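Please open the structure in your viewer and keep the selection tool at hand, as this tour moves from one selection to the next.

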Amino acid sequence: MDEEAASNGNTDTSPTITFPSVVTLNVGGKHFATRLSTIRRYPESMLAVMFSGRHNVDTDPDGNYFIDRDGTHFHHILNFLRHDDPPPADLAEEVLKDAMYYGIDPLIDHLKSSPALFTEYVVRENLRSKLVKYFDIKDDIINLAKDQVRQNGAIKSTVRLVVTKNQPIPRDLRFSKQVYKQFYRRFKTFDTFEECLGKYFIQVPADKVKGQPDLVMNEVSNCILFDLKRDGYSGNCRPESIHEDNKTKTVTWCDDQFHVFASIHIFTFNWLESDKVPSPNHHRLHSADF
C-alpha cells in the first residue's frame with residue numbers, strides 16, 4: 001500500500017477470487033446456471049458483492065455455489081437480471097421478498113410500483129407514516145386486547161385509540177363568570193382518561209399525527225384494520241363521537257391546560273373468530289371488519 005493510499009485510509013479491495021464466466025448455483029436445493037456478468041449486473045446488490053471476488057462463497061459437494069435461501073422464485077430474479085422481465089402479478093409479493101434479500105433495487109422499485117403492490121407499498125406506507133410509531137401502537141392495541149381476555153375472561157376485547165390535543169385555559173376566565181361559563185359550555189370535562197374511556201385505551205398526542213386528526217385517523221385506523229386482518233385477527237373497528245351532550249370530551253391535565261379529544265376509534269377483537277386465518281392472497285379490506 002503506498003503512502004497516499006495509507007494517508008486516505010484506503011485498503012486494497014481488488015478481487016482476489018476468480019469465478020468462471022458461467023456459474024452454477026445451488027439456491028436452497030434448486031440448481032441454476034447463469035453468466036457471471038448477469039449476477040454482477042447491479043454492483044451494489046448482494047449477489048454482485050458475493051461474486052465480486054472479494055468474498056469466499058460456499059460450494060456444495062458438487063461444486064455449485066451455495067446460497068442458503070429458498071430457491072422457489074430465484075428464476076424470476078435471474079430473468080429480471082437477464083432481460084428486465086418482471087414476475088407474474090400473483091407472485092409479485094413473494095419475489096419482492098427475494099429482491100429485498102438480494103438487494104436488487106431496480107426490481108424492488110419496479111415491484112413496489114406495480115398494480116399488484118402499489119396499494120400496499122406506496123398508499124398504505126404513506127398512511128402508516130402519518131402516525132408516529134405506527135407499528136408500536138398497533139402492537140399496543142393487540143396487547144391491551146389480550147390483557148382484557150387474561151384479566152376478565154372476555155371472549156371479545158375492546159380497545160380505544162384516542163387522539164388528543166392540548167387546549168390552553170385562558171387566563172382571563174377568573175375575572176368574568178360569563179366568560180367562564182361560555183368557555184366551559186363547549187366542553188364535557190372528565191377528571192381522568194379512565195373515567196371517559198375505560199381501562200383499555202391508547203392516547204396519542206395530536207402532534208404525533210401528520211395532518212388533521214379528525215380526518216387522517218379514519219384512514220389510518222382503516223390501515224390498522226387491514227394489518228390486523230392480515231395478522232389473523234378477527235373483529236371490527238368504528239369511530240366514536242368525541243362529543244357528549246353536544247360538548248367536546250376533554251380530560252383535565254393541569255390548572256393551565258387540558259386534553260381535548262380530536263378523534264376516537266374503537267377496535268373490537270372477536271377471539272372465537274380469530275382462528276379463521278385469512279387467505280394469504282386476500283390483501284384488500286372492503287369493510288370495517290377485520
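Begin by selecting helix 8 and helix 11, which cross in a right-handed sense, meaning that the near helix is turned clockwise from the far one by less than a right angle. Helices here are DSSP runs of H or I with at least four residues, and strands are runs of E with at least two, numbered from the N terminus.

This is a predicted model, in which local features need pLDDT of at least 70 and side-chain atom pairs count only at pLDDT 80 or more, while totals for chains, interfaces and linings use all residues. Residues are numbered from 1 along each chain as its sequence is written, and side-chain values use heavy atoms, leaving out hydrogens and water.

Helix 8 covers residues 134–152 and helix 11 covers residues 213–231, and the two pack at an angle of about 65 degrees with their axes 11 Å apart; axes are lines fitted to C-alpha atoms over the stretch in contact, and angles run from 0 to 180 degrees between N-to-C directions. Now show the side chains of Tyr 134, Phe 135, Lys 138, Ile 141 and Ile 142 in helix 8, which meet residues of helix 11 including Val 220, Cys 223 and Asp 227, where contact means heavy atoms within 4.5 Å.

Next, keep helix 11 and add helix 7 (residues 118–128), which packs against helix 11 at an angle of about 120 degrees, with the axes 9 Å apart. This crossing is left-handed, and among the residues making the contact are Arg 124 of helix 7 and Phe 226 of helix 11.

Finally, select the whole chain, where there are 11 helices and 10 strands.
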